[in-house]
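Got the structure open in your viewer? Let's walk through it stop by stop, selecting as we go.

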Amino acid sequence: MKIVRVLAPLLSTTLPFAAAIYIPAAFAQAPAPKNVPAPPPILLGTSWYPEWWPESRWPIDLDLMQKAHIHMVRMGEFAWSSMEPSEGHYDFDWLEKAIDEAGARGIYTVLGTPTAGPPAWLTQKYPETLRTHKDGRKARHGNRQQFNWDNPKYRALAHDIASRMAQRFGHNPYVIGWQIDNEYAKVSYDAATQADFQQWLKNRYGTLDNLNTRWTTAYWSQTYSNWNQVPIETGYGNPGLLLSWKRFVSDTWRSYQKNQMDAIRQYADPRQFITTNMMGWFGGYDHYVVAKDLDIASWDDYIGQGHLDAAHKGYLKIYWNDSEDDLTRGFKRKNFWVMETQPGHVNWSEVNNDLNKGEVRAMAWLNIGHGAETISYWQWRSALNGQEEYHGTLVGADGKPVPLYTEVAQVGRELEKAGPALAGTTPKSQVAILHTYPSFWAIDWQKHNKNYDPIVELLSYYAPLRNIAQSIDIVQPTAPLDQYKLVVAPGLNVLSDAAAKNLIAYVRNGGHLVLGQRSGMKNSDNGLQTQLQPGPLTDLLGGRVAAYYALENPVPVEGQWGNNTSQLWAEMLSVDKPDVTVLERFGKSNGWLDGQPAAITRKVGKGRITYIGAWMDDAGMEKAAAWMTSISHVKPAFGPVPNGVEVDSRYGKDHTIFILVNVSKASQTIALPAKMQDVLNGGTTQSVTLPNYGVAVLSESKK
Ligand code: GLA
């Protein structure tokens, strides 16, 4: 399968973008403490665990890092037993020494709070802090993430260690930021958490009558007469109960995080940012909720098995990673960090293949192209014993650089060189794709066709749109949308009143909204809307989904996007207003669908609303994407690039940076739309030739 880059007219880089240019957050702009230079704008980093090694080894590691142009180490997460070897006895001297030794080499520290790895003394003395599995078993020591995120005692202990760290390092000139915990994921199903969930429900719903009505609990005699009857349900439960539990989980992660943030903020300089490392499309909690309090978003970008140009659930892996970058950028709607990425291979896939020579560098530049400000490799060196002995590293068990070290050092050299040009720049998109966790969960809980994957559905729009527009934002439907020429909601299943209001205003103000399958079916309680899909947007659309069909086999779709098929799902649309245009119709299939509208559109003032009830294959989705971008006057950010080349752009005040990455096997020559500066090689150029995994970083001054 090849990456199709659609040929499209050149775009003048003077296009007026309504959105403000990204300005680095206040902490990044704060003056460096006395005698310590400010860190470079774009950082290469690695996770380093000095507590595993004798101090005599540290200078060797740090010298090797310095040689690789590494300017950031992440330390401390998981090191609780080294920071507090027994209750109330703290030892931060080693950590301070490690921070200072790194700092002396121009390597700045991000400190992780160690709460994803509580020490043995803690869980032995306070067994109530251990989480309870779904089946009622208690977690045990010997792994990580064995804590209960809702437990008050654990929170008190977490607050204490975070505040001790902040007291010691909150003014350390080399500490530039904090990471709370590590990859929030595991929750607890104990009785006390259930009681807290019930209290949370009381706060949300006020009365049991209200809850019973909104969840329609008369169905199957689920009616509750006491709050303490409400169970925790994660499987085939009442949809309102399922969604509430997920919301409780998300709010509880947020307050778990806030507890530690408050401890840090009390003592730390405001210049020190606070983040946590998220996990792309992982759906354990609502990332928009958890990101609210953070200064910046960051994520851990792993390919696992395969390569950027290998198929993954029907799409190229590169699109998954691109979309995860865009998703993460959307959490705070500004640039982000890649807090972890794989140095060659991981240890948790079925086949832990290495990335090809050059692919690690290509991946780093793709992240930068999507708005990453830091690329950090997990990890520097494997612990000599431990669960992850086989994971990729930059230094081997013998303490010497692995072959990949040279490639990562090249990335470091290049980030140093390109840093000044990249500083203060950020991607800007004319197209937004809407995403919400409630919609994602709601479809996942009631797939109705076992292969229906809401992320794959989103990708079926993302891939062709990304090829045309060359930049996509992924945001919530309640985000400001006026800056976008086109807003696409592939599966906005749960549509809140606030989101509906925002979308209606967007269309009325001249935007083009495209709704995909299963949109507008559910209300905020995951119950059915009383208007058929798209619920509160039906009037605006002048049509609706008269019926939906899970498909055993693809059905034909015909119309102005050519002859195609709809897979997995088909929605028969009805036309209710005379000014609605039918774009596509279903062909002969189950009788019900034969000849019925499959895609409709309606012009509303200067705006437009479109509904697509077919999930077409790649060719059809490409044509649909070409239609929706052209009718919305979306132009590619850069211009034509050959198949297999990705182009990303970052906009600054006076210039635009274009990053070109060739993931195709063949060498590719790209004609530039204008004369540009070659940031990595110097000089100006009007064309670049890129070998497999080749990268070009170009700068164009604003005219
Ligand atoms: C996650 C964790 C790391 C490490 C890596 C291995 O991202 O945050 O501690 O386990 O996976 O790939």
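Here is a tour of what to select and what you will find there.

**The whole chain**

Keep in mind that this is a predicted model. Start by colouring the domains: domain 1 takes in 25–120 + 174–187 + 272–422, domain 2 covers 431–631, and domain 3 covers 645–701. Now look at domain 2 and domain 3 together: taken over C-alpha atoms, their centres are 35 Å apart.

**Strand β2 and its partners**

Select residues 72–75, which make up strand β2. Which residues sit on each side? Met 72 and Arg 74 are on one side, Val 73 and Met 75 are on the other, and all of them are buried. That back-and-forth fits a general pattern: in a regular strand the side chains alternate between the two faces of the sheet.

Next, add residues 43–47, which form strand β1. β1 and β2 run parallel and are paired over three bridges. To find your bearings, pick Gly 45, which stands opposite Met 72 in β2. Then trace the chain from β1 to β2: it passes through helix α2 (residues 58–67), and this β-α-β crossover is right-handed.

Now bring in residues 108–112, strand β3. How many bridges join β2 to β3? There are four, and these two strands are parallel. Click on Met 72 again and look for Tyr 108, its bridge partner in β3.

**A turn of the backbone at His 69**

Stay close to this part of the chain and select His 69, which lies in the loop between α2 and β2. Its phi is positive, near 65°, and the residue is something other than glycine. That's worth a pause, as most residues other than glycine have a negative phi. Is His 69 buried or exposed? With a relative accessible area of 18%, His 69 is buried, because the cut-off for that is under 20%.

**Glu 101 in helix α4**

Select residues 93–103 to bring up helix α4, then pick out Glu 101 within it. Glu 101 counts as buried, at 18% relative accessibility. What is it touching? Apart from neighbours within four places in sequence, Glu 101 is in contact with Trp 58, Pro 59 and Leu 62.

**Helix α14**

Jump ahead to residues 437–445, helix α14. Why is this helix largely enclosed by the rest of the structure? Seven of its nine residues are buried, so the surroundings largely enclose it. Highlight the buried ones: Tyr 437, Pro 438, Ser 439, Phe 440, Trp 441, Ala 442 and Ile 443. To see what they pack against, show α9 (239–267), α10 (287–291), α11 (317–332) and α15 (454–469).

**Two cis peptide bonds**

Go to Trp 378 and Gln 379: the peptide bond from Trp 378 to Gln 379 is cis, with omega near 5°. Gln 379 belongs to the loop between β11 (372–377) and α13 (404–422).

Then move to Gln 533 and Pro 534, which are also joined by a cis peptide bond, with omega about -5°. You'll find Pro 534 in the loop between β15 (512–515) and α17 (538–541). In general, most peptide bonds are trans.

**Last stop: Leu 568**

Finish by selecting residues 564–575, strand β18, and zoom in on Leu 568. Leu 568 is not a glycine, yet its phi is positive, at about 65°. Its relative accessibility is 18%, so Leu 568 counts as buried.

Technical notes:
Residues numbered from 1 in each chain as written. Predicted model: local features only at pLDDT ≥ 70, side-chain atom pairs only at ≥ 80, totals over all residues. Heavy atoms only, no water. Domains from an automatic or database assignment. Buried < 20%, exposed > 50% of the residue type's maximum accessible area, 1.4 Å probe, protein only. Pairing = 2+ DSSP bridges. Right-handed = clockwise from strand over helix to strand, strands pointing away. Contact = heavy atoms within 4.5 Å.
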